[in-house]
Structure formats: structure tokens, C-alpha cells
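Please look at the sequence and the structure shown here before reading on. The report that follows turns to the contact between two chains and then to a sheet.

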Protein chains: 2
Amino acid sequence: MKSQDNRSDLTPFFEPASVAVFGSLKEGLGLGYGVIKSMRHFGYSGRIYPIYPSGGEVMGMKAFSRISEVTEPIEAAIVITPPPTVPGIVEQCARKGVKAVIVVSENFAEAGGDGVKYQQQLVDIVRRTGIRIIGPNTIGVFNPANGFITNPYLIIHEKIRKEGIAYCSQTGYVGLAVKPMEELAYPVSKMCDIGNKCDVDESDVLNYLADDPETKVVAMHIENVKDGRRFMDAARKVVARKPLLILKAGKSEAGAEAMTSHTASLAGNEQVYDAVIKQVGALRLSSWEEYWEVPRVFACQPVPRGNRIAIITGAGGLGVVVVDVAVESGLTMANFSDVTVKRLKKLSPRLGGNPVDLGPVLSVAEDPFLVQREIIEAVLEDENVDCAAVSVYVGFDALIPHIIQMFDGLKRHKSKPMTIWIYGMKLHVLDEMLRQLEMRSLPTYLDFELAVKALGFAARYSRVKSNGE
Amino acid sequence: MKSQDNRSDLTPFFEPASVAVFGSLKEGLGLGYGVIKSMRHFGYSGRIYPIYPSGGEVMGMKAFSRISEVTEPIEAAIVITPPPTVPGIVEQCARKGVKAVIVVSENFAEAGGDGVKYQQQLVDIVRRTGIRIIGPNTIGVFNPANGFITNPYLIIHEKIRKEGIAYCSQTGYVGLAVKPMEELAYPVSKMCDIGNKCDVDESDVLNYLADDPETKVVAMHIENVKDGRRFMDAARKVVARKPLLILKAGKSEAGAEAMTSHTASLAGNEQVYDAVIKQVGALRLSSWEEYWEVPRVFACQPVPRGNRIAIITGAGGLGVVVVDVAVESGLTMANFSDVTVKRLKKLSPRLGGNPVDLGPVLSVAEDPFLVQREIIEAVLEDENVDCAAVSVYVGFDALIPHIIQMFDGLKRHKSKPMTIWIYGMKLHVLDEMLRQLEMRSLPTYLDFELAVKALGFAARYSRVKSNGE
């Protein structure tokens, strides 16, 4: 059942020049209609061939009653039809020369009964014909670069930021519909739900993403691994080029049990997974929150040289709690050099320690943004500092341009990542600030602890890299 | 230096009938002006007496050049003047019969130098006169019930939801300015920053909040405890009546070090704190995120009878990760009774397990909200279920009234708390949904893991209560 390595290229799944869509074309309600609408919405640039037994027309396009009627070559297919019809459709696709099929339909192995049989038929077709399948029971893929999307449900994002993070998962929860991806400027290179994994599995996806130049970091949710050795090889390939963050579900016995029931997959031994993740140099995430938020720090920031953090806060008491988080995340508090301490003390005799408490300084500063910039600069230039987490109060709309100006004017050491935590009273102000900072490739968080944790992951990746070199 | 127990009533700090304000009255910029504006903004109903050496007028009110000129009695005072002037002002307040002084000014013991001396003078006045002081170096208190607020900085909330949670802390970060308190409908009964604790300390505040009928749960951030025995007595008094959640900072050595430098307080032994928190039946929080979000579950929900959770999700893969979180939070997955399994299987043969995966059911339901309501009802009525975490997709504005109707129509067992996780693409839709559900006393989260963790805390409090009874 393992795919051969010479078939491991998943390019047709993410960058097809043409795609056939199998599914109801009923306006508004049909899932075939939905997926075509999604592709149009995101500006998919390839050719689309709607296929439906009764033919007809959809959104100004001719619908074919079968794929064999299409004379041009077709690279990929999306199938959203009842399970009993799927093996036949995939068979036709194989005959037509389609390379990649995404089976979105559910009620296969995960539902038991006849679903198991239909899934096995798909496996047989893959073996016999060499066609590749993602799914079934998946929302499939999304590639913001070319607008290719296989999700049949209405996605109301206008623009997704095309940058850096590949999110891949074994659940539809990974989709575009579950996060304010646009408004919070998530930097996305690829998204992929591998569903029931009747063919394409986590290792295939890792191999593809290792080579994908648009992907700077991979966040992967897995429940189980089909082939341990292949997974380790693929994971190592990724880690050599970019960070690999893994959320492994089913840690607890109850979790492992729950897993079995929804994808018909068996959980492996938890300790084995933990050891494997460490051994290949991947970093283990511990929550969905981390899965969504931690990769931001890798999408467009340098890898730090070490684990010495500077924390810049607006309230002393806040800093202490965050220091605890830093230590738990494997960071150590940087000891500022004499030069830096002098520079800081010149700005205020109360400065010089780490965390840097801006409170007393800003309350008396003539231009608080200038002072804040000087402090951040002094800290980032310190040879004893590898990374910094900075807190910024954003109470009003009017502060946004000042804060942008401050960060734009900041001289930064190129090898030092920085995360920003913003806080304030108004949601729209925070959201707008976050968006604007993210668009400048500054990883910004609405939670200080997360901003610090993310740097902890960055430092851990740095250690992995230097041990491997 | 310990206050006697007969002076432990902090009522004048939170519910003063009249207050004197010492600080610059310069329009727009003066901190005295700011605090009066804050009180006006929140509709403080008591009498305000601005005090400033040059007298004059502010916002239509006469300013007195000294407090002794006021003929009416004054219950409380807010002082925001340079440290050298503060002891004299507090002395005058004591002579005038003021009971409670909030010293907002900074640069006392935490700044070293002369600040230490001025703080000691405040301690001496307290001892000698019996006047009580909160601070210095604090933003003081906020009581949404009467609009009493001591924060001199512009707070742009219009209305804070008057309910349930007392937030108290040793840092100004606890203030209204750091969270979208209004837009996310935080249910607040009292807020308090105890600052440098020259007099009023964490035990005083606990004693007050134990008696406060408006407070249903206490969230307290502490760095150190001044008097262990008194703290334990006060904490026990709280726990007997309502949950006490404690965020103890300075767990790590680096954290403890950072602490010393910002409040001039000494950290105690970490293990001792941990043991004390357990012994008194308080629950230990592990992050600011938990500090702000977990109390929601206690503000207006019943305490569960046990720790058996039902998890209702929209995607199977999501459920598994959350099961792990449940187990880590001390919950166990409920085994549904035969009756419940039958009820669920009638709705769909795929149902019956826990977590309940709504995905396959909702995708084919005629009225998804009706089915969802029936499922939640069946689960909550199960004798083997103590609490439930429910996930709800809120993609569009148009869904909001349907979801509200669903929860309004829900028959619930009175002793079973429920938390809700909402997810979707649009921030304003999520925020509006959260607000509307919170206003119905349904604890709602933008993070599923947090919604589950909160129930874990509820179950732990339940265990504490039943052990104590």
C-alpha cells in the first residue's frame, strides 16, 4: 500500500493547470457548484471542467456529462459525489490521464459499513493505475498563490496573505473557515487536509512541502503515521530546510480512543511518537492555539543564534509572569552588557534590568515612541541578546501610525527575531494594528505568553539546526 | 505592621459616598483631572472634591486648596501627586477623618532611594492614625456597580458588564485598559491593583471579597504574601463561599528575581506557595490567559457535581486534541448511558460516542440547529454527564439569531455547567456572537482548549467543595 518514492511529487494536487469537478452543479446548493464558486472567488487561473451526468451549464461554463468527453488533458479532479459512485469516477479519471484526485466526499472508512469497501476500491485503483488520491473525507487543499481550492463550502475571505506557513492536518478543522485568516493576516503558503489517507499521507505532504519554495515553516497535525521510516526521512528532509512543528493528537488514552472512532486509524505508542518527533528535529506543539499561532514567528523572521531573550513590558508585574513562561519555553533571560546598561540608564536610571519595564519611563517621556524605539534598539543590538518580545499598548486608532512609524524606523540586527504583543481596549484597533504589523512581517500576538512561547520554539529550532550542522 | 482584624473592612475603598482627589487639575493632561473624568465617565454617584493648592474650578466643580476647607465628611481620597508631597496629604486626610486613601503615585519603594523613605512614612501614618492605604504605585480600584474608579488614564469603555468576577492583582496590568472588557462582555464585579502594599494587602482584599455579594469568583494575581497565616485564613473564607483562582508569579528563579526588582518584595519558596494554595482549596492558574478567561465559567454557571465531561465538536480530528486537554485538566470523558446512546443513534447511526462529532450529522440535517439542540439536550440530561463543552460554527451574521434561539430553547439540567467555543472567519461576527451569548450568562470562548480547561477548573472546585463538606 506504500506509494513509491518516484511518485511522491504532489505538485498536481497544489498547482494543477486544469481540474475536473464532479458533484452537484445545482446553483447555490450543489457542492460541485460550491467548489467552482470557491475557485472563481480565489481567482484560480487554471481551466475548470464541470462534470455532471445531465450536462448543462454552470456559471457560464459548459458542463460535460462525463470526463471522457473533454478533449484537452486534465491534471486534477475534485470529487464530491456519494461514496458508491466515487470508485467509478476515479477509474474514469485514471483512464483520462488525470494525475491527482481529491475525494472530498465523506462516509468512507470513517463511517464503517460499505464505506470501508468503497475506500478499499479506491486503494485498489491507486495501486493498479498509479493515479494519486487525497482523501476521502477531506476538505482537500488550498493554494493561495494560484487560488486553487477544493473546499465546496462558502469561504468569505477576499484575500489571504500569501506567505510562509503550510498548515496540514488530518481534519477539516484546518480549513479556511475556522479562523479570521484574512483579518488577522495569517501568512499562508499552502493548506492541506489529508483526511482518511487512502493514498497520499503525511510523508508525501512533507516531501512536497520540503521542496516548496513558498513554504518557510510547516505546521502539521497528525493522529497517526502510516510508515514510520518514511515519515522520519521526510521529516528530516523538511527540518534540514525549514522548521517542522507537529501537533500529535491522542496523547491521553481517552484521546487515542476518540481518534480510532473518527478516522478508523490506530494510535501508536505515545512515547514512540514523542521520541521520533525529537529525533528528527521537529518541534512538538501542545495545542491548537500553538498550531495556529506559533508558526507566525517562523514565516518571515530570522532564526535566533541562541536562547537569550529580552522582554520589554509596560508593567513590571506582567513581566514576571512572562519570565516564568520564557523559562518554561527553554529561554533564558539575557544579561545585558555594560554598554547596553549604560545606554539604558542614560534614558532612565530605573532601566538596566531584564525584563525592561517601560512603565515608569514612558509616563514621563516627551516622545514615548522615540524612547521606546531607542530602548528596543539598544536591547536588540546587545551581543548578549538573541531575541526579544516587546509589548505595545494600542488604546486608540490614533496611536497606530505612531507605532508603525516606530517599528519602521527601528534598526534591527538581522539575525534576531522579535515578537510583538499588542493590548488595549478596542477590538477593531487591536485587529487593525495586528494586521498592519503582520503585513510588515512582524509576528504580532494578542497574548504576551504566546509571543514569548513562539520565541521559545524559534530558539529550539536554532538548537536543532546547530546540532545538525 | 499587620493591620488588626477589626479594621479589615475595605468597604470605603470600593463604595465611598464621597471622595477627595489630589492631583493636577490641568484640563486634558492633569492626572487629577483624568481621574475625575474617569469617575464622571462611569457615572460615579458619590460626591467628588477636587483638591489643588491653587484652587480654581474643574468640570464645573469648585476645587479646594486643601482638604480641611471641605465642611462635609469625606470617606475616601485618591492621591496622584509627587512622592515627597504624599505623606503630608495622607496626614491631612487622616485629620479630616478620611478612612481610605488610594495612593496612585509611583516612585516609592519600587524605585528605591527616597521612595523607600516616603513609603515608610506612609506606613507610620497608617500605624499612628488607623487610616487605610491602597498602594502606592497602583491604578487602584474599579467598582462597576457605582462607577467608582481611581484610574487617571482615559478609559474608553462605555459600559462594563456588572457581574461576577473580582480581578485583583499586584500590577496595573489588571486594569480596564488592557482588555476589550466591554466588547467581549467580561463580567466584572470589582477590580483592584494592590500595588506596593504599604498597608492593604492580598489578605485584606480576600476578606472583603469573601463578603461581597456581587463577587461570585475571585481571580487573584500575587507575587508574594505578607502574612502566611492571615492569607490562609482569608483564602479559606473565600473558598467556603466562592471559587478562588490564584496566579502566583515568580515560579522560575529568573521570574523570582525579576519580581524583586519591580515591587521591592521578596519571593517566598515556590513549593510552599504551591502547597498553601492547594491546602486552602484555591485553584492555581498558570497564565494571564487563564487569569482573564477561566473565571467566566464561574461567574454565572453552576458548579458541576463531578468531572465527567461531554465534548460536542464539529470535526472529529478537533475533538481528539481537545480530549487530551480535558484529561490534562483533570476531567474524564463521560460514558453516555444506554438511554442517551439510543436517543443519539435515533438522530444518526454515527452518533453515540463522546466526543460527539456533529460534522456528519449537521451536513445532512434539515434543520441543523434543531438537531444540534436535541443532541446537546440529550447529552446534558445524561446522568453520567457533569458538564459539557460545545463547539458552534458562526460563519455569518445571519447565523447569530438562529444560534441564540437554539441556546434560548435549550432545556438544561441546573447543576451542569456548559461552555461554548465559537469559531468562524469574521472577527465582528465572532465578537458579536460572544457578546450575545455572554449576556445570556453562557461562558463563551474563542479557543476550544480554554473552554475545556475552564470546565476542568470548575470540576476541581467541585471536588474541593465536596471534600470540605
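## The interface and a sheet

Between chain A and chain B, about 4,900 Å² of area is buried, of which carbon and sulfur atoms give 62%; buried area is the accessible area (1.4 Å probe) that two parts lose on being put together, summed over both. This is a predicted model, in which local features need pLDDT of at least 70 and side-chain atom pairs count only at pLDDT 80 or more, while totals for chains, interfaces and linings use all residues. Residues are numbered from 1 along each chain as its sequence is written, chains are lettered from A and ligands numbered from 1 in the order in which they are written, and side-chain values use heavy atoms, with hydrogens and water left out.

The side of chain A that touches chain B can be divided by residue class (Ala, Val, Leu, Ile, Met, Phe, Trp, Tyr, Cys and Pro count as nonpolar, Asp, Glu, Lys and Arg as charged, and the others, Gly among them, as polar).

| Class, side of chain A touching chain B | Residues |
|---|---|
| Nonpolar | 32 residues |
| Polar | 14 residues |
| Charged | 15 residues |

Contact (heavy atoms within 4.5 Å) joins 61 residues of chain A with 62 residues of chain B.

Elsewhere in the description comes the sheet. Seven strands of chain A (DSSP runs of E, at least two residues, numbered from the N terminus) form an open sheet with mixed pairing, in the order E9-E8-E11-E10-E12-E13-E14, where two strands pair if DSSP finds at least two bridges between them. The edge strands, E9 (148-149) and E14 (283-285) of chain A, each pair on one side only. Strands E8 (residues 141-143) and E11 (residues 187-193) of chain A pair in the antiparallel sense over two bridges, and Phe142(A) stands opposite Met191(A) in E11(A).

How values were computed. Helices (H or I, at least four residues) and strands (E, at least two) are DSSP runs, numbered from the N terminus.
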